[in-house]
Amino acid sequence: MDPFSMTHGEELIELIKENKPTDLQMLRRVYDDFDPTDYSEGVEYYFNQSQIKKRTIKVPGDNGTMIADPDATNHRLASGFHKLLVDQKTAYLSGEPMTIGTKSDNDQLLELIEETIGEDFEDIIPELIKNASNKGREWLHPYIDEDGVFQFIIIPAEQFIPIYEPTKRKELIGGIRFYKYSESVIKIEWWTADDVSYYEIIEGELLPDAMEEVNPAPHYINGKESGNWGKVPFIEFANNEERVSDLHFVKDPIDAFDLLFSDVTNTLDDMQSLIYVLKGYEGTNLAEFLQQLKRYKAIPIDAAEGSGIDTLKAEVPVEAVKTQIEELKQSIFAFGQGVNPSPDVIGNAPSGVALKNLYSLLDMKSSILERKFTRALRKFMWFVVEYLKLSGQGEYDHKDVTFTFNKMLLTNEVELVQMARDSVGITSRETLLESHPWVRNIQIELERIAREEAEFDARQEPLGGGTNEPTGD
């Protein structure tokens, strides 16, 4: 390609700017240039389909070439480290529900937001964290359904092609969503800030979707009313600035660990207490030798002088293997920025300082995603607030909404309780409750305390030996 010519994506951008009809061939070229497999590796490793699962063991063939040995012991043991690291990060950031607030303490807005996004939003956040950690990014699509209800769904990164403004990398001006509709049909949606056009690929040819009555269509249709958001309704939830999977940084040590562990298991399976060494071997080639030794644990010899049978005891370098395995595990948790759950690392009763140090790498990695997600959530809230305006529920500023990830950190409860007890009279009761490990809702706890104090006072006899009943004077 001419380095000074426009890319397919840039040509598509020019059509958007000039408000020209979409060129089908250009749209098809952008679709063909997209490689969805870029997002598959992290998902494969998450489900224990790592590189070791593809391993074949080869031996010399009759002509000296290496061929696959179907009889070879071939354990392919995937360790699952990537899943552990991703699940740690997901639970750390979303183990406790996210807190949504407002800078202006606008309770009415918070109530409307809760009614609009519902409880499903709490389940969406962990999925977005997991998927972005596996793929590097994931997309959220807000929309208004036929009944006029605000909805949102996750769009897999491998099913969406973002088109950005060249001079403003973070400004999304178009997007191609595609998905497999049937064995022979792929549906394609071309989204802009003004409308959506529907296409389908049938037998390799890109055509307008004949099933859509209105094409291009508005972003939403509510009864007789229709409209558009004025923005491309897809929000990127990025894992980091580079949009790479967490696997990118630990794939090599994970592959090395899986290979070592599988090879050691193969050796232990193949190893016998005694291996027979038959002197005067009559075989003719190495392949036959390996096959007979593997199947019969013995090989034939002739009757010539010097023939006989010796035994050889096989040994595994246990200490070297153990050392290498531990080194690889340490590398995986260090480069993967996770927490090693081994009791040898955590200990029986670690102090608060030790736990903070233990979680420091996980917190560092999670904070990067937290910052990206906070920005994405603010963009999502723009659509929520816009919906409130469209549905006549009021006008609000989406920038007023705040998001707090309540990170789930292991703590030494004994230390926290002791510090709270020592701080009585120094800090307020509310501050003490905020730091107490057993308190989940401060307001509810304060109400419980007030109720218990009132009940206690009611049971006390008044000074002077009278009763608590009113005298009626």
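This tour proceeds through the predicted model selection by selection.

**Helix α4**

Begin by selecting residues 81-94, which form helix α4. At 1.5 Å a residue, these 14 residues should span 20 Å, and the C-alpha atoms at the two ends are indeed 20 Å apart, so expectation and model agree. Of the 14 residues, 10 are buried, so the rest of the structure largely encloses α4. The buried positions are Phe 81, His 82, Leu 85, Val 86, Gln 88, Lys 89, Thr 90, Tyr 92, Leu 93 and Ser 94. To see what covers them, display helices including α3 (40-46), α6 (120-135), α7 (251-270), α9 (318-335) and α12 (360-390).

**Salt bridges**

Remain on α4 and select Lys 89 together with Asp 246. Lys 89 forms a salt bridge with Asp 246, and the closest N and O atoms are 3.0 Å apart. This pair joins distant parts of the chain: Lys 89 belongs to helix α4, whereas Asp 246 lies in the loop between β13 (235-238) and α7, 157 residues apart. Both Lys 89 and Asp 246 are buried. Side chains of opposite charge can pair when their charged atoms come close.

The next selection is Lys 187 with Glu 200, whose side chains meet in a salt bridge at 3.0 Å, N to O. Here Lys 187 is in strand β8 (residues 185-191) and Glu 200 in strand β9 (residues 196-202), 13 residues apart. Lys 187 has a relative accessibility of 5% and therefore counts as buried; Glu 200, at 9%, counts as buried as well. Keep Lys 187 in view and add Tyr 181: the charged end of Lys 187 sits over the ring of Tyr 181, 4.6 Å from the ring centre.

Proceed to helix α7 and select Lys 251 and Asp 255, which are joined by a salt bridge with an N to O distance of 2.7 Å. Because these two residues are 4 positions apart in α7, about one helical turn separates them. Both Lys 251 and Asp 255 are buried. Then select Arg 137, Glu 236, Glu 241, Arg 243 and Lys 372, which salt bridges with shared partners join into one network. Colouring every such contact would bring up 19 salt bridges in the structure.

**The β4 and β5 hairpin**

Select residues 137-144 and 150-155, which are strands β4 and β5; they pair in the antiparallel sense over 6 bridges. Within this pairing, His 141 has Ile 153 of β5 as its bridge partner. The hairpin has 5 residues between the strands, and Gly 148 takes a positive phi near 80°.

**Aromatic pairs**

How many aromatic pairs does the structure hold? There are 21. In one of them, the ring centres of Trp 139 and Phe 160 are 4.7 Å apart and the ring planes stand at 55°, so the pair is tilted. Trp 139 lies in strand β4 and Phe 160 in strand β6 (residues 160-165), so the pair ties together parts 21 residues apart in sequence. Trp 139 is buried, with a relative accessible area of 1%, and Phe 160 counts as buried at 0%.

Next select Phe 150 and Tyr 387, a tilted aromatic pair with 5.5 Å between centres and 45° between planes. This pair also links distant parts of the chain, with Phe 150 in strand β5 and Tyr 387 in helix α12, 237 residues apart. Phe 150 and Tyr 387 are both buried. Extend the selection to Phe 121, Phe 152 and Phe 380: ring pairs link these three with Phe 150 and Tyr 387 into a cluster.

**Final selections**

Select Lys 231 and Trp 382. The charged end of Lys 231 sits over the ring of Trp 382, 4.2 Å from its centre.

End at Arg 375, which is located in helix α12. Is Arg 375 buried or partly exposed? Arg 375 has a relative accessible area of 44% and is therefore partly exposed, since that class lies between the 20% limit for buried and the 50% limit for exposed. Adding Phe 237 shows two residues that are 138 apart in sequence and 8.6 Å apart in space, C-alpha to C-alpha.

Methods:
Residues numbered from 1 in each chain as written. Predicted model: local features only at pLDDT ≥ 70, side-chain atom pairs only at ≥ 80, totals over all residues. Heavy atoms only, no water. Expected span 1.5 Å × (residues − 1). Buried < 20%, exposed > 50% of the residue type's maximum accessible area, 1.4 Å probe, protein only. Contact = heavy atoms within 4.5 Å. Salt bridge = Lys/Arg side-chain N within 4 Å of Asp/Glu carboxyl O. Pairing = 2+ DSSP bridges. Phe/Tyr/Trp six-rings, centres within 6.5 Å; stacked < 30°, edge-to-face > 60°. Lys NZ or Arg CZ within 6 Å of the ring centre and 35° of its normal.
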